Amino acid sequence: MPLQDLLPQSSDDTPDTGEIKMDMDPVSPTSKENTGAGIAEDEEDLKDEFCDPDNPVVVKFQDVSAAAYKIKSGIQRTPCQRSQISSLVGMELFFKKDFLQTTGSFKERGARNTLLTLSEEQKQKGVIAASAGNHALALSYHSQSLGIPVTVVMPIIAPIMKINRCKQNGATVIIHGQDLGESKTYAIRMGKKQGLMYINGYDNPHIISGQGTMGLEIIEQVPDLDAVIIPVGGAGLIAGVALAIKSLSPRTTIIGVESEQCPSFSAAMDAGHPIWTKSGPSLADGLAVPTVGVNAFATARHYVDKMVVVSEDLIALAILRLIEMEKAVVEGAGASGLAALIGNKLPELKGKRVAIPLCGGNIDTTVLGRVLERGLAADGRLARFVVTVSDRPGGITELADIISSMGISIKDIFHERAFLKSEIFNVQVKCVVETRDQEHSDELYRALKHHYPCGRIIWGTDSI
């Protein structure tokens, strides 16, 4: 079914003024012939004038201060509150809840600041960006409030809900590209052809300045702060926040967190400059940026004290903890800072005052259920095993009695007879059960080992 058929159709009284265009042609609207001159001209077309690797811009503290003044009337001053998770991780933990911004992420800060710096002529022409989610939402929302035309190019993998929200915000949405890289190429070329300013979502200097305003708020809301743990994707957030915090509180430690699926900032720190890093699918899709921004890296590199990398299981567990203990629905990128603490990646912070920005809450609703189940498994509260029992009457009842006597709930059960290689009157039973915690799961394992002969139980991942 075509993507446009899946999108909700607006009625005449719906206040959305945007539109959605499908462009599945892999060739850009201004493609050149494959000649030497054409290739050189094509490479020139793909340059973002605000993000020049040969002349990176180092953002200054006064840029962040100016941004704070510009955007204050259009951005939520989000709370930075002490968390109930403090006792769990052994420190005074404060969450900066920027997922409470109108469009659900910190991206609004940089988007609004950048739009306010445009010349009157550029405001009339409009802007363009490539994004699969939060940057597109923030830019479309604030462009609408400021009366600036905006076009967002989104890859075909972008969630339909986010595509429709951008349309409702008045944006012209173009669906183009298998991934964000193809969308960006298309957007830059289209911008140059139509006179639209391309706005990079993490490396435009005005974007970085805007994101830094979060750091100003954190320092004011949490006095005597020992450390801040910041999620890192393209590095725009850590660049701005680190600049703001280190300028006002040099003693505060700045720690960056990346997904193990794409540790591009760590690679850049090792190399001394941004380099391409292989990226894989991640729960923290907002952090999966293969090459960090040149301006962001130039600004952040001297302020970041440490980088850590977290696994997918830790990110899933952090999302679960935030829902259960903070009543906060946060996307994988926003939960990665807590993931580092849950995984005991930063033991030196025990007893310290630590802040973490929960920077986004736009987790795909179709993914949330799966993420929570994965978090339960990582927490030891979902266990999977296979046990071979008698196929005579009462064999499975006996297994169910052992499980129920321990106060454990069976979530899923499956019987396998045809492919069993043991005795003909046996049946292999595959179970997924819910327990209180890891210790409870271990108790069940011991009870099953005690009851059934050696070799009849396959536990955990070996039971797949």
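**Exercise 1. How do helix 14 and helix 15 pack, and which residues meet between them?**

*Solution.* Start with the geometry: helix 14 and helix 15 pack at an angle of about 100°, and their axes are 7 Å apart. Angles of 65 to 115 degrees count as roughly perpendicular, so helix 14 is roughly perpendicular to helix 15. Keep in mind that this is a predicted model.

Next, look at who touches whom. On the helix 14 side you'll find Leu-314, Ile-315, Leu-317, Ala-318, Ile-319, Arg-321 and Leu-322. They meet Gly-332, Ala-335, Leu-338, Ala-339 and Ile-342 of helix 15.

**Exercise 2. Find Glu-331. Where does it sit, and what is the nearest side chain of opposite charge?**

*Solution.* First, place the residue: Glu-331 is in the loop between helix 14 (312–326) and helix 15 (332–342).

Second, check its charge partners. Glu-331 is buried and has no salt bridge. The nearest side chain of opposite charge belongs to Lys-162, 5.4 Å away. A salt bridge needs the nitrogen and the carboxyl oxygen within 4 Å.

Third, see what Glu-331 does have. Its side chain makes a polar contact of 3.3 Å with the side chain of Asn-134. Setting aside neighbours within four places in sequence, Glu-331 is in contact with Asn-134, Ile-319, Gly-360, Gly-361, Asn-362 and Ile-363.

**Exercise 3. Is Ser-336 buried or exposed, and what does its side chain reach?**

*Solution.* Begin with the address: Ser-336 belongs to helix 15. Its relative accessibility is 0%, so Ser-336 counts as buried.

Now for the side chain. One of its polar atoms lies 2.8 Å from the backbone oxygen of Ala-333. Beyond neighbours within four places in sequence, Ser-336 is in contact with Pro-231, Val-257, Leu-287 and Val-310.

To tie this back to helix 14, pick Leu-317: its C-alpha atom is 9.8 Å from that of Ser-336, with the two positions 19 residues apart along the chain.

**Exercise 4. Lys-327 and Asn-344 have positive phi values. Where are they, and how exposed is each?**

*Solution.* Take Lys-327 to begin with. It has a phi of about 55° although it is not a glycine. Lys-327 is in the loop between helix 14 and helix 15, and at 67% relative accessibility it counts as exposed.

Then turn to Asn-344, where phi is near 55°, again in a residue other than glycine. Asn-344 is in the loop between helix 15 and strand 11 (353–357). Its relative accessibility is 48%, so Asn-344 counts as partly exposed.

**Exercise 5. What does the side chain of Ser-131 reach, and where is this residue?**

*Solution.* Ser-131 is in the loop between strand 4 (127–130) and helix 7 (134–146). At 6% relative accessibility, Ser-131 counts as buried. A polar atom of its side chain lies 3.1 Å from the backbone nitrogen of Ala-136. Leaving out neighbours within four places in sequence, the contacts of Ser-131 are Ala-136, Val-153, Met-154, Pro-155 and Leu-180.

**Exercise 6. How many salt bridges does the whole structure have, and which parts do some of them link?**

*Solution.* A search of the whole structure turns up 17 salt bridges. Let's go through a few.

- Asp-226 pairs with Arg-251, with the closest N and O atoms 2.8 Å apart. This pair links distant parts of the chain, 25 residues apart: Asp-226 is in the loop between helix 10 (205–221) and strand 8 (227–231), and Arg-251 is in the loop between helix 11 (236–248) and strand 9 (253–259). Asp-226 is buried, at 18% relative accessible area.
- Asp-379 and Arg-381 meet at 3.0 Å, N to O, and both are buried.
- Glu-434 pairs with Lys-411, with the closest N and O atoms 3.6 Å apart. Glu-434 is in strand 14 and Lys-411 in strand 13, so the pair ties together parts 23 residues apart in sequence. At 33% relative accessibility, Glu-434 counts as partly exposed.
- Lys-96, Asp-98, Arg-109 and Glu-217 are joined into one network by salt bridges that share partners.

**Exercise 7. Zoom out: how many helices and strands does the chain have, and what share of its residues is buried?**

*Solution.* Count 18 helices and 15 strands. Of the 464 residues, 52% count as buried. For helix 5 (residues 107–116), nine of the ten residues are buried, so this helix is largely enclosed by the rest of the structure.

Notes
Residues numbered from 1 in each chain as written. Predicted model: local features only at pLDDT ≥ 70, side-chain atom pairs only at ≥ 80, totals over all residues. Heavy atoms only, no water. Helix = DSSP H or I, 4+ residues; strand = E, 2+ residues; numbered from the N terminus. Buried < 20%, exposed > 50% of the residue type's maximum accessible area, 1.4 Å probe, protein only. Lys, Arg positive; Asp, Glu negative; His and termini not counted. Polar contact = N/O pair within 3.5 Å; in protein donor to acceptor, adjacent residues only side chain to side chain. Contact = heavy atoms within 4.5 Å. Axes fitted to C-alpha atoms, helices over the stretch in contact; angles between N-to-C directions. Parallel < 35°, antiparallel > 145°, perpendicular 65-115°, else oblique.
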